[in-house]
Amino acid sequence: MNAPEAIIEKFQLKDGREVSIETGRLAKQANGSVVVKCGGTMLLATVVANKDANPGVDFLPLTVDYREKFYAGGKIPGNFFRREARPSDEEILTMRLVDRVLRPLFPSDFHAEVQVMISLISYDKETLPEALAGLAASAAIAITDIPFNGPMSEVHVVRIDGQLSVNPSLENLKKADLDIMVGATKDSIVMVEGEMKEITEQEMLEAIKFAHEEIKVQIEAQERLAARIPAAAVKRTYEHETHNEELRERITKELYDKVYEVAKTPSAKEERHEKFGAVLADFLAQYSEEELLEYEALAKTYYHDVEKEAMRQMILNEGVRLDGRDPKTIRPIWCEVDYLPGAHGSSIFSRGETQSLTAVTLGSMKDANLVDSVAAEFDEKFFLHYNFPPFSTGEARPLRGTSRREVGHGNLAQRALSNMIPEENPYTIRVVSDILESNGSSSMATVCAGTLALMDAGVQIKKPVSGIAMGLITDPKSGKFTVLSDILGDEDHLGDMDFKVTGTADGITACQMDIKIQGLTMDIMETALEQAREGRLHILNEMMKTISEPREDVKPHAPKMEVLEIPKDFIGAVIGPGGKIIQQLQKDTDTEIAIEEIGEIGRIEIAGVDREKIRAAIEAINEITFVPVVGEVYKGKVVKVMDFGAFIALAKGTEGLLHISEIDWKRTEKVPYAEGDEVEVKFLGYDDRKKMRLSRKVLLPRPPRPEKPKNERPKKDSGNPESSEQQNESSEV
């Protein structure tokens, strides 16, 4: 049997690298299957969509799954089972990046279950795979009959030395001061996420425009590929919703004004929901139980549409929001630090009905988070975990482990803060944000609370960071739009945009944007970014009223950390046979000592609560690794006295002879020291037998030479060094 012939389309990235999209050879029983290749990096993407929706489903049950096969990079998984297991945080983040662009592009009335699976099957270290995942997923859908308002694609944009480029290698990514992922259709930006080193709003817009131009090229390649696939020519028909237009019209007519009045009356989240619920309950009360079985589900759907329209028109026409604010006003803020006595740093940040309790824990290099993926393996010394318990929204629901949402929100907050951690920071830092209340933008509350907790812990962050979530309400008919600062949960749900921006007083450090409409203009984005800057600065000013700079030192009960660097050759001596020396040293000084080999250097971290004990550990290590420097002065201890001099210990295991002739300038008949005496000596180097030469007399004032009569002839050299020296001096005179 001959191998099937592949259908291939190609395009080039701006730097000349070629990307190919191939279909027709692999996974042919899926509705759609493609292999995307750039260099030696290859991704296989498949999509399957059921023909019909499951009964009672009124949403799109879309699953996006991304997995990295370790064989792709020639590696064996490092876990106990030696096989790929649950997805890593990095894989989950890639799933979310693809999902957030795909989901809004399916028709709103399409409810069949859709499963998109993306696998990294080859990796060449020059192209990071997440940059191609969105392209692969979209191409797999584009060549099918599945209804889809795409294609779309994603690109990874970085800026290195002022130059923008796409889809970098891991090595180049480390040099970038701007790192964003952008997802878009041919006409609209749909998603932006990334981190920056305090860039301006204008620089961010330029990067997004740059990305969109590259995305258009990738979409054209998908369109060419789809045009060659007969199955993609006609999209499948479906009927997943049944409507009652008479009921829709009646609900709109009878309830719109009542809903508008509730929306216009400022109230708290729970009270507002009760009032909205009461309006619907009164309407449904006119129906019998039998009629409710037929109409209730549709009535709730139409009522939701009325709520959405009333809220949007109220904001567009009157500039009034659900809680009574105008579009730019930030909700009331209160903060507190040092709330948890047991943590190394802690804070509470409350903004309106959103609250984060955040704690900081300081550790050593042993506590670093090991990141092990196909593309990289490294120890992460700053990481942030975000928890969103159900009670934060007044719900009771099952706990099923860390959700994708928690991973994504935690990663955003971590990226917002990471560039503000100083490079010389000796600690492993874990930040944990527990959301205690949520009504909009809990991830941004995490950023603010994280900043406060880090400063409370004594971490010398470069600058404080704040964050804000922006929303958008648009009216395509009139062309009106309103940008909202510090959005509520309802404004996120019913609005057209969720745009989170974090930064210092000097620039943006991270962002995450999801757009729910097509045709978002750069003018709207520019307005949103400028309004976000004003909001960030207001929030930052409120935070600084609680604590304006990091504490000078860590808390008394927090570990103190010192870092030493020693020549690599001494690592074994510090550890000792079977770890005997380092284990005893940790026991004696009540410290934790970690050693890491970096090139020709041994990096030693010493952590403990008592600084005196840390200093004792440092002194002990310095003794083990001591190498005297010629010309340096040391305070040594006499360990043995002989007729011809004294043996002086400069450090443990490092002794040298102070000869009796080097004790003083005048003749010394007897060594004037006893064992245990401390003596300052100068290290003169080594003799021919590699023995240390020490001198004390060179540190003392040299006595003046006695004057000689002018007519006295110099005596012959008697072999005495001093006589020879005097003769030379006389000759010079």
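**Exercise 1. In which loop does Ala27 lie, and between which strands?**

Solution. The model is predicted: local features need pLDDT of at least 70, side-chain atom pairs count only at pLDDT 80 or more, and totals for chains, interfaces and linings use all residues. Residues are numbered from 1 along each chain as its sequence is written, and side-chain values use heavy atoms, with hydrogens and water left out.

Step 1. Helices (H or I, at least four residues) and strands (E, at least two) are DSSP runs, numbered from the N terminus. On this basis, Ala27 lies in the loop between β2 (18-23) and β3 (32-38).

Step 2. The phi angle of Ala27 is near 50°, a positive value in a residue other than glycine.

Step 3. Buried means under 20% relative accessible area, exposed over 50%, and partly exposed in between (1.4 Å probe, protein chains only). Ala27 has a relative accessible area of 37% and is therefore partly exposed.

**Exercise 2. Describe the backbone at Asp338 and at the bond between Gly150 and Pro151**.

Solution. Step 1. Asp338 also belongs to a loop, namely the one between β11 (333-337) and β12 (345-351). Its phi is near 60°, a positive value in a residue other than glycine.

Step 2. With a relative accessible area of 41%, Asp338 is partly exposed.

Step 3. Gly150 and Pro151 are joined by a cis peptide bond, with omega about 0°. Pro151 is found in the loop between α2 (130-142) and β7 (153-160).

**Exercise 3. Characterise the overall form of the protein**.

Solution. Step 1. The protein has 15 helices and 29 strands. The radius of gyration, taken over C-alpha atoms, is compared with a globule rule of 2.2 Å times the number of residues to the power 0.38. The protein has a radius of gyration of 36 Å, well over the 27 Å that the rule gives for 733 residues, so it is more spread out than a compact globule.

Step 2. Along the principal axes, the C-alpha atoms fill a box of roughly 135 × 70 × 50 Å.

Step 3. Of the 733 residues, 50% are buried.

**Exercise 4. Which parts of the chain are linked by the salt bridge between Arg415 and Asp179?**

Solution. Step 1. Side chains of opposite charge can pair when their charged atoms come close. The criterion for a salt bridge is a side-chain nitrogen of Lys or Arg within 4 Å of a carboxyl oxygen of Asp or Glu. By this rule the count comes to 48 salt bridges.

Step 2. Arg415 and Asp179 form one such bridge, at 3.2 Å from N to O. The pair links distant parts of the chain, 236 residues apart: Arg415 is in helix α8 (residues 404-418) and Asp179 in strand β9 (residues 178-184).

Step 3. Arg415 is buried, at a relative accessible area of 17%, and Asp179 is buried at 12%.

**Exercise 5. Analyse the salt bridges of Glu201 and of Arg397, then name a network**.

Solution. Step 1. The side chains of Glu201 and Arg536 meet in a salt bridge of 3.3 Å, N to O. Glu201 lies in helix α4 (residues 201-227) and Arg536 in helix α11 (residues 522-544), so this pair ties together parts that are 335 residues apart in sequence. Both Glu201 and Arg536 are buried.

Step 2. Between Arg397 and Glu395, the closest N and O atoms of the salt bridge are 3.9 Å apart. Arg397 is partly exposed, at 36% relative accessibility; Glu395 is partly exposed at 44%.

Step 3. A network of salt bridges links Asp323, Arg325, Arg331, Arg351 and Asp486.

**Exercise 6. Which residues form a negative surface patch?**

Solution. Step 1. Patches are made of residues with over 30% relative accessible area and no salt bridge, with like charges joined within 9 Å and nonpolar side chains (Val, Leu, Ile, Met, Phe, Trp, Tyr) within 5 Å. Asp and Glu count as negative, Lys and Arg as positive, and His and the chain ends are not counted.

Step 2. Glu289, Glu290, Glu291 and Glu294 form the negative patch.

Step 3. Glu289 is found in helix α7 (residues 289-318). This residue is exposed, with a relative accessible area of 71%.

Conventions: Accessible areas come from the Shrake-Rupley method with a 1.4 Å probe; for residues, only the protein chains shown count as cover. The place of a charge is taken as NZ of Lys, CZ of Arg, CG of Asp or CD of Glu.
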